[in-house]
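Colleague: Could you walk me through this model before I head back to the bench? I'd like to hear the reasoning as well as the results.

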Amino acid sequence: MKFDGVWHITEMENWDEDYFNMEVQAYLEIDERGSGDFQFGLVTGAIDGQIAIDKLGEKLKFTWEGGDENDEASGSGWLRLKDDDTLEGKIKIHGGDSSLFLAERA
């Protein structure tokens with residue numbers, strides 16, 4: 001799967017670098033099945049994804065479950081390759097914020 005690997009989040013539309021890198025280097029880790037995990041700021045989650053095709057090509061659509069600070073959280077999102085080493089995507093917290101982001105292959 002072309003989305004597998006570790007990706008460092010480098011930009012987020014709604015959160016600045018001081019927040020998204022506050023505990024660890026913000027990341028997504030995706031395996032060959034489209035599953036994985038992520039952390040940015042105080043938000044962590046386990047990803048369950050699948051490939052979808054739209055007019056722009058392939059993307060990995062996913063749902064996630066995890067936490068936001070000490071509260072349970074869940075949501076959804078998508079990832080698309082801009083090039084071999086750059087992802088663009090969106091992550092949404094159910095009932096809360098969402099953000100577009102960029103990530104680079106680690």
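**Contacts, charges and surface**

Modeller: Happy to! Leaving out residues up to four places away in sequence, I91 touches M12, F38, F40, F62, W64, S76, G77, D97, S98, S99 and F101. Please keep in mind that this is a predicted model.

Colleague: Thanks! Is I91 buried or exposed, going by its relative accessible area?

Modeller: I91 sits in strand β7, which covers residues 86-93. Buried means under 20% relative accessible area. The relative accessible area of I91 is 4%, so I91 is buried.

Colleague: What separates the C-alpha atoms of I91 and I51 in space?

Modeller: I51 belongs to strand β4, while I91 belongs to strand β7. The two residues are 40 apart along the chain, and their C-alpha atoms are separated by 16 Å.

Colleague: Which residues form a nonpolar patch on the surface?

Modeller: I51 is a good place to start, since at 36% relative accessibility it counts as partly exposed. A residue needs over 30% relative accessible area to be in a patch. Together the members have about 270 Å² of accessible area, and they are M1, I51 and I53.

Colleague: Now the charges, please. How many salt bridges does the count come to?

Modeller: One of them joins the side chains of R33 and D31, at 2.7 Å from N to O. A salt bridge needs the side-chain nitrogen within 4 Å of a carboxyl oxygen. By this rule the count comes to five.

Colleague: Of R33 and D31, which counts as exposed, and which is partly exposed?

Modeller: Exposed means over 50% relative accessible area, with partly exposed lying between that and 20%. R33 has 59% relative accessibility, so it counts as exposed. With 21%, the partly exposed one is D31.

Colleague: How many residues apart in sequence are the parts that R80 and D54 tie together?

Modeller: The side chains of R80 and D54 meet in a salt bridge, 2.9 Å from N to O. R80 lies in strand β6 and D54 in strand β4 (residues 43-54), so the pair ties together parts whose separation in sequence is 26 residues.

Colleague: Is R80 buried or exposed?

Modeller: Its salt-bridge partner D54 counts as partly exposed, at 29% relative accessibility. For R80 the relative accessible area is 9%, so R80 is buried.

Colleague: Which residues are linked in a network of salt bridges?

Modeller: The R80 and D54 pair is part of the picture, as these side chains meet in a salt bridge. The network is made up of D54, R80 and K59.

Colleague: What is the distance between the closest N and O atoms of D85 and R105?

Modeller: D85 is partly exposed at 45% relative accessibility, and R105 is partly exposed at 32%. Their salt bridge has its closest N and O atoms apart by 3.4 Å.

Colleague: And where do D85 and R105 lie?

Modeller: The pair links distant parts of the chain, 20 residues apart. D85 is in the loop between β6 and β7, and R105 is in strand β8 (residues 98-105).

Colleague: One last thing: which residues form a negative surface patch?

Modeller: Let's begin with D71, found in strand β6 (residues 71-83). Its relative accessible area is 55%, so D71 is exposed. The patch is formed by D71 along with D48, E65, E69 and E72.

Notes
Residues numbered from 1 in each chain as written. Predicted model: local features only at pLDDT ≥ 70, side-chain atom pairs only at ≥ 80, totals over all residues. Heavy atoms only, no water. Patch = residues over 30% accessible without salt bridge, like charges linked within 9 Å, V, L, I, M, F, W, Y side chains within 5 Å. Areas by Shrake-Rupley, 256 points an atom, 1.4 Å probe, with all protein chains shown as cover. Lys, Arg positive; Asp, Glu negative; His and termini not counted. Charge placed at Lys NZ, Arg CZ, Asp CG, Glu CD. Helix = DSSP H or I, 4+ residues; strand = E, 2+ residues; numbered from the N terminus. Buried < 20%, exposed > 50% of the residue type's maximum accessible area, 1.4 Å probe, protein only. Contact = heavy atoms within 4.5 Å.
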